[in-house]
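Thanks for making the time this morning. I would like to walk through one structure, strand by strand and then outward, and I will try to be careful about what is said of each part.

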Amino acid sequence: MASCEPPHAGSAVPSRTGPRRRWWTLGGATSVALALALSPLAGASGAHAQAWPAKPLKIVVPYAPGGTSDILARIVAQKLGESSGQPVIVENRPGASGNIGAEAVAKSAPDGTTIVIGGPNNFSSNQFLFNNLSYNIEKDLAAITLVAELPNVLVVANGVDANNVKEFIAYTKAHPSTVNCGSPGNATTGHLTLELFKMKSGADVQHVPYRGSAPLSVELMAGRVHCAIDNISGHIARIKEGSVRVLAVTSSKRAPVLPDVPTMAEAGTDGVVATSWFAFAAPATTPLSLREQMAAAITKAMSAPDVVERLTGLGLTPLATTPQETQAHFEREAAKWKGVIAAANVKIE
């Protein structure tokens with residue numbers, strides 16, 4: 001799935017620095033903050049405070065069912081429902097590259113009953129891709145917590161004469177303007193990561209947008225596209241069976257699901273750190289104390305052993321951050337993608 005859901009699905013083509021990431025062992029001030037939030041003594045009313053959610057909760061997924069955001073939302077919904085005894089529903093509100101669902105939450109009451117799950121496009125890059133957003137990403141939504149990230153991978157067709165990233169860059173320069181590199185769609189995280197890779201490495205590749213990871217994978221296996229940068233989950237099966245070759249991951253650390261594959265930095269190309277990450281946010285004026293409680297409850301739900309096992313099986317790395325850390329992450333990502341979008345002249349078509 002792209003970004004994991006693409007900000008915008010590109011046209012089908014005929015054949016031819018991150019947050020403080022943690023596993024569930026938290027330390028320092030964050031550990032204290034989350035522990036306090038999880039405590040029945042947390043909150044202004046002390047021992048009488050009700051744990052969130054104390055009312056029925058709606059989690060808005062701004063994409064169609066089945067994607068990573070939807071999977072994560074339903075995991076959280078189930079766990080929160082079990083622990084709180086409150087109804088927790090997941091509402092899919094797809095459309096406009098994720099903007100419809102995000103806008104609905106931005107305009108909801110800031111009382112902890114409606115939250116949204118999204119990724120880099122929802123909380124960082126869409127504001128630079130759309131001229132007339134009906135809500136302000138920075139002013140109308142408030143961060144809760146990051147829950148997981150999914151690295152992108154640089155994969156090549158088996159016919160490409162390159163066994164590592166340095167050889168691939170040399171290969172593209174030896175075949176100027178002829179190496180096609182696919183992404184799951186225009187302005188997706190895969191596309192933006194490709195543009196970042198080109199900027200940092202000087203690789204001479206032409207972007208080819210597809211309508212998602214599935215058709216891209218088919219074209220890559222057939223050798224009709226030379227390479228791809230896309231989420232790891234869309235290609236892990238093909239990588240393991242040898243239908244395509246992976247040269248690097250774009251996360252800051254190696255992916256647990258592909259422990260022998262180097263990062264871009266390890267492969268000799270610095271500055272290419274980009275993942276599809278997933279986070280929850282609430283309406284902007286939701287009190288910080290409530291968002292801290294939300295972050296703690298979501299983290300507890302996501303730390304269940306069965307959940308961690310499921311996430312890692314999907315190639316996801318679980319994360320846990322405070323609202324303040326999450327907001328800082330949104331801002332860093334926005335600054336990074338604003339520069340890439342401007343330099344590469346990426347546009348929503």
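Let me start with strand β3, where Thr114, Val116 and Gly118 point one way while Ile115 and Ile117 point the other way, and where all of these residues are buried. In a regular strand the side chains alternate between the two faces of the sheet. Since five of the five residues of β3 are buried, the strand is largely enclosed by the rest of the structure. I should say at this point that what we are looking at is a predicted model, and that everything I describe is computed from it.

Which strands pair with β3? On one hand there is strand β1, residues 57–61, which runs parallel to β3, residues 114–118, and is joined to it by three bridges; within that pairing, Ile59 of β1 has Ile115 as its bridge partner in β3. On the other hand there is β9, which pairs with β3 in the antiparallel sense, again over three bridges, and here Gly118 stands opposite Ala279 of β9.

Turning to β1 itself, four of its five residues are buried, so that strand is mostly covered. Besides β3, β1 pairs with strand β2, residues 88–92, in the parallel sense over five bridges, and Lys58 is the residue that stands opposite Ile89 in β2. Between these two strands the chain passes through helix α2, residues 68–84, and β1, α2 and β2 together make a right-handed β-α-β unit.

Helix α3, residues 99–106, is also mostly covered, with six of its eight residues buried, namely Asn99, Gly101, Ala102, Ala104, Val105 and Ala106. The elements that cover those buried residues include β1 and β3, which we have just discussed, as well as α4, α5, β4 and β9.

Ala106 also brings us to Thr285, because the two C-alpha atoms are 9.5 Å apart in space although the residues are 179 apart in sequence. Thr285 is found in the loop between β9 and α10, and with a relative accessibility of 62% it counts as exposed, because the cut-off for that word is over 50%.

Now for the nonpolar interior. The largest nonpolar core has 82 residues, and those with the most contacts inside it are Ile115, Phe168 and Phe197. Strand β4, residues 141–157, supplies the largest share of this core, with nine residues. If we leave aside neighbours within four places in sequence, Phe168 is in contact with Leu154, Val156, Val160, Ala162, Val179, Phe197, Val205, Cys227 and Leu247. Apart from that core lies another, of 16 residues, among them Ala102, Val105, Tyr135 and Leu319; Ala102 and Val105 are residues you will remember from the buried list of α3.

Cys227, which appeared among the contacts of Phe168, has a further role in the covalent picture, since a disulfide joins Cys181 to Cys227 with an S to S distance of 2.4 Å, within the 2.5 Å cut-off. The pair links distant parts of the chain, with Cys181 in strand β5 and Cys227 in strand β7, 46 residues apart. Both Cys181 and Cys227 are buried, and the count of disulfides comes to one.

Are there places where a residue is neither buried nor exposed, and what surrounds one of them? Take Met221, in helix α8, residues 213–222, which is partly exposed because its relative accessible area is 31%, a value between the cut-offs of 20% and 50%. Not counting residues up to four places away in sequence, Met221 touches Arg238, Glu241, Ser243 and Val244, and its C-alpha atom is separated from that of Val244, 23 residues along the chain, by 6.1 Å.

Finally, helix α12, residues 323–344, has 22 residues and reaches 31 Å from its first C-alpha to its last, close to the 32 Å expected at 1.5 Å a residue. Its buried residues include Thr326, His329, Phe330, Glu333, Ala334, Trp337, Val340 and Ile341. An α-helix has 3.6 residues a turn, so residues three or four places apart point the same way. After α12 comes Asn345, whose phi is positive, near 55°, and that is where I will stop.

Methods:
Residues numbered from 1 in each chain as written. Predicted model: local features only at pLDDT ≥ 70, side-chain atom pairs only at ≥ 80, totals over all residues. Heavy atoms only, no water. Buried < 20%, exposed > 50% of the residue type's maximum accessible area, 1.4 Å probe, protein only. Expected span 1.5 Å × (residues − 1). Pairing = 2+ DSSP bridges. Right-handed = clockwise from strand over helix to strand, strands pointing away. Core = buried A, V, L, I, M, F, W, Y, C linked by side-chain atoms within 4.5 Å. Contact = heavy atoms within 4.5 Å.
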